[in-house]
Amino acid sequence: MLDRSLIDPNPMGLNTLNKSTANLGTLAPLDRTLSLAPMMGCTDRHCRYLFRLLSPNTLMYSEMLVTGALLHGKAAHFLRHGGDEPCALQLGGNDPQDLAACARMVEDAGYQEVNLNVGCPSDRVQSGGIGACLIATPALVAECVAAMQAEVKIPVTVKTRIGLNDQDDYEHFHHFIETVREAGCRVFIIHARKAILGGLSPKDNREIPPLKYDYVYRIKADFPDCQFILNGGINDTATALAVLPKVDGLMLGRAPYSNPYLLAELEWALYQHTSMDRLTALADYTDYMVRNIETGEPLKHMVRHLMGLFTGIRGARSFRRHLGAHMFETGSGTEVVEQALAEAGLNHHAEAAETFVAQQARQQQYR
Ligand SMILES: Cc1cc2nc3c(=O)[nH]c(=O)nc-3n(C[C@H](O)[C@H](O)[C@H](O)COP(=O)(O)O)c2cc1C
């Protein structure tokens, strides 16, 4: 369990320490201390709504949306969101004019930022000439960013990696950032490992190339008018607190997705904010699911984000198992969630109804 000394410090002026004076456009700067990583198949609007209940301060990122889907598909459907602000939508593309048109749609749909994906290593994305392979063409990325920025007032940011294949020395990375910065980008989210194309699966590409946080610390020193958000391998509050003073913010993906209540822990550690307990969040999310089911949204699209909500509490596995077994049944409603809670004994479990702060205080008593 987390050592209280790690979560109880004066938040070290972290919020002010990390506010950069970089020019982020004409709008008030977003607080980038903590962000939720864009994750295909995970961070859809429902996930972001749920996570927002637990964390008012996290900057949320959508899954990547390719420009073709927006320009030729059901744009209104893809852009629909609510209750997740502040939220950035991530675009995948490589055509400056298409990206500019999409950035406009993103701004009009009420997102607070538009982000360009320069890090996805999947074969499909690579064959479309987007994602991580763009690391090799910084001038094109700069052109894309400039075109997007000319179109919108919201910040245009770039999420990238520290290198590509054998272009993984610091000089390549520096050149990439320098080129894109010259086009006006002032916020970079850095997944601190390189991408290896044509050999590793996307999953392996998130695990095998080693994390090199020192590249991020160095680039921050080299470009003090930019903000650098560090991403990759931050799985707990202790690591977050250790790394945060060296960068402008942190982005977390897999850890909060598998254990959303980590966000409540981080809210306390970073903001001294007491997030709601799990059962209260679940009750609110259940109302949200009911409203969405009425508009034709299938339950399974929303329930799947609940799988990790009780991680660390007795009964969590049984809760997950029940949801997994019943959420795909046609016509199921939110009673599936109530049944899962009852079966796991979680509706009577003190910890499930406790805020993170209350839980810490109780554990302290028994130490
Ligand atoms: C299932 C999954 C889907 C992902 N999809 C995207 C994506 O759409 N866009 C993107 O920039 N990164 C994507 N990523 C990468 C994450 O945003 C993040 O960079 C990576 O998981 C490392 O952060 P973490 O160690 O905190 O998980 C995805 C990661 C996962 C696990």
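Two residues are taken to be in contact if their C-beta atoms, placed from the backbone, lie within 7 Å. By that yardstick Leu262 touches Ala255 and Pro256, leaving aside residues up to four places away in sequence. The model is a predicted one, so local features need pLDDT of at least 70 and side-chain atom pairs count only at pLDDT 80 or more, while totals for chains, interfaces and linings use all residues. Residue numbers start from 1 along each chain as its sequence is written.

Confidence comes first. pLDDT is the predictor's confidence in each residue, from 0 to 100. The protein chain averages a pLDDT of 92, and 93% of the residues score at least 70. Over residues 1-24, however, pLDDT stays under 50, and the model has 38 contacts beyond four places in sequence for that stretch. Where pLDDT is low, the predicted coordinates should not be read in detail.

Next, the overall layout. The domain assignment (bounds come from an automatic or database domain assignment) splits off domain 1 (13-271) and domain 2 (278-353). Their C-alpha centres lie 30 Å apart. Domain 1 puts 11 residues into the contact and domain 2 puts in 12. Helices (H or I, at least four residues) and strands (E, at least two) are DSSP runs, numbered from the N terminus. On the side of domain 1 that touches domain 2, α3 (45-54) and α13 (254-258) are the elements giving two or more residues. Of these, α3 gives the most, with 6 residues. That side of domain 1 divides into 8 nonpolar, 3 polar and no charged residues. In this classification Ala, Val, Leu, Ile, Met, Phe, Trp, Tyr, Cys and Pro count as nonpolar, Asp, Glu, Lys and Arg as charged, and the others, Gly among them, as polar.

The α13 helix turns up again around the ligand. A residue is near a molecule or strand if its C-beta atom, placed from the backbone, lies within 6 Å of it. There are 23 residues around the ligand, and Ala37, Met39, Met64, Gly253 and Arg254 come nearest. Both β2 (59-66) and α13 supply at least two residues of this shell. By class, the shell has 10 nonpolar, 9 polar and 4 charged residues.

Gly253 deserves its own look. It sits in the loop between β8 (249-252) and α13. A residue is buried if 20 or more other C-beta atoms lie within 10 Å of its own, exposed if 12 or fewer, and partly exposed in between, with C-beta atoms placed from the backbone. Gly253 has 22 such neighbours within 10 Å and is therefore buried. Beyond four places in sequence, Gly253 touches Ala37 and Met39. Gly253 and Leu230 are 23 residues apart in sequence and 11 Å apart in space, C-alpha to C-alpha. Leu262, in helix α14, is likewise buried because it has 23 C-beta neighbours inside 10 Å. The C-alpha atoms of Leu262 and Glu107, 155 residues apart along the chain, are separated by 30 Å.

Helix α6 (residues 96-108) behaves by the book. The expected span of a helix is 1.5 Å times one less than its number of residues. For the 13 residues of α6 that comes to 18 Å, which agrees with the 18 Å between its end C-alpha atoms. Leu99, Ala100, Cys102, Ala103, Met105 and Val106 are buried in α6. An α-helix has 3.6 residues a turn, so residues three or four places apart point the same way. The cover over the buried residues of α6 includes α4 (67-72), α5 (75-79), β3 (87-92), β4 (113-118), α8 (138-151) and β5 (156-161). Just after α6, Gly110 takes a positive phi of about 90 degrees.

A few backbone oddities remain. Most residues other than glycine have a negative phi, and most peptide bonds are trans. The peptide bond from Glu85 to Pro86 is cis, with omega near -5 degrees, and Pro86 lies in the loop between α5 and β3. Asn165, in the loop between β5 and α9 (170-182), has a positive phi near 50 degrees. With 15 C-beta neighbours inside 10 Å, Asn165 counts as partly exposed. Gln272 has a positive phi of about 55 degrees and is placed in the loop between α14 (262-271) and α15 (278-294). Gln272 is exposed, since 12 other C-beta atoms lie within 10 Å.
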